[in-house]
Amino acid sequence: VTLQPGTQLRCASLSVSGPASGNVTFAGSAPLSVTQSLTMASSGITRTWTNGFTFAGTGSGKTISCGQTIQGGFIINGVGASWALTSAFTTSGAVTLTNGSFDTAGFALSMSTLSTSAGVTGNPVTLSLGASTITSSAAGGGINFAASSSTYNPTNLTFNAGTSTIN
C-alpha cells in the first residue's frame with residue numbers, strides 16, 4: 001500500500017495485517033483519515049509511511065489498535081464521536097484532541113505532545129486516561145490543554161485522569 005503525496009485517503013475502517021510469509025509494505029506520505037476504527041498488526045508490516053492519522057467520524061464505539069510506531073501522530077476530530085485504544089500506542093508525533101472523546105482505556109500512550117483545543121471549535125471534548133501510563137518525549141513535558149489562552153474554554157473540556165501515570 002503506497003499513500004502518494006498530494007492525495008488525501010479517507011476510509012471507514014482500516015485493518016492492516018501481515019501475510020502468512022513476508023511483509024506488507026505500508027509506504028508513502030499522504031495523510032490518512034479514518035472515520036471508524038483502525039487495526040494495524042505489530043508484525044508482518046514494513047512501515048515507511050511518514051504521515052499521521054486523523055480520526056474524523058461521528059458516533060461511538062470506535063477503536064484504535066496499532067502495533068506499529070507512527071511517525072506523524074494522530075488527531076481526534078469527530079464531533080460527538082468517541083475513540084478508545086485497544087492496545088498500547090506509540091508515535092513520535094503529537095496526539096491532538098480537537099473534537100469528540102478519546103479514552104486510553106488503561107493502555108500505554110507514548111507521544112511527543114498530548115494536547116486539546118477545547119473550546120476553540122465550541123464543541124466539547126473528553127480525555128479519559130484511566131490507569132494508563134502516558135509518556136511524553138517533549139522537553140519539559142508535553143501535555144497542553146489550551147491551543148492559546150485567548151481561545152481556550154475549559155467548560156468544554158472533561159478531563160478524567162483516573163489513576164494514570166504521566167511521565
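1. Let's start with I64, which sits in strand β9, covering residues 62–66. Keep in mind that you are looking at a predicted model. I64 has a relative accessible area of 0%, so I64 is buried, as the cut-off for that is under 20%.

2. What does I64 touch, once you skip residues up to four places away in sequence? The list is L38, F55, F74, I76, W83, A84, L85, T86, S87, F89 and F102. There is also a nice case of sequence versus space here: I64 and T39 are 25 residues apart along the chain, yet their C-alpha atoms are 6.2 Å apart.

3. Now have a look at the aromatic rings. The model has five aromatic pairs. One of them joins F55 and F74 edge-to-face, with 5.6 Å from centre to centre and 85 degrees between the planes. This pair links distant parts of the chain, because F55 belongs to strand β8 (residues 53–55) and F74 to strand β10 (residues 74–85), 19 residues apart. Both F55 and F74 are buried.

4. F74 turns up again in an edge-to-face pair with F102, this time at 5.5 Å centre to centre and 75 degrees between the planes. F74 is in strand β10 while F102 is in strand β12, so the pair ties together parts that are 28 residues apart in sequence. F102 is buried, just like F74. Zoom out a little and you find one aromatic cluster made of F53, F55, F74, W83, F89 and F102.

5. Next stop, T104. You'll find T104 in the loop between β12 (95–103) and β13 (109–111). Is T104 buried or exposed? T104 counts as buried, because its relative accessibility is 0%. Leaving out neighbours within four places in sequence, T104 is in contact with L85, L109, S128, L129, G130, S132 and I134.

6. The strand after that loop, β13, is part of an open sheet of four strands, ordered β11-β13-β16-β19 with parallel pairing. At the edges are β11 (89–90) and β19 (165–166), each of which pairs on one side only. Between β13 and β16 (residues 133–136) there are three bridges in the parallel sense. For M111, the bridge partner in β16 is S136.

7. Finally, the whole chain. How many helices and strands does it have? There are zero helices and 19 strands. Of its 167 residues, 40% count as buried. Among contacts with a separation of 6 or more, 44% involve residues 24 or more positions apart. The chain exposes about 7,300 Å², and carbon and sulfur atoms supply 52% of that area.

Terms used:
Residues numbered from 1 in each chain as written. Predicted model: local features only at pLDDT ≥ 70, side-chain atom pairs only at ≥ 80, totals over all residues. Heavy atoms only, no water. Helix = DSSP H or I, 4+ residues; strand = E, 2+ residues; numbered from the N terminus. Buried < 20%, exposed > 50% of the residue type's maximum accessible area, 1.4 Å probe, protein only. Contact = heavy atoms within 4.5 Å. Areas by Shrake-Rupley, 256 points an atom, 1.4 Å probe, with all protein chains shown as cover. Pairing = 2+ DSSP bridges. Phe/Tyr/Trp six-rings, centres within 6.5 Å; stacked < 30°, edge-to-face > 60°.
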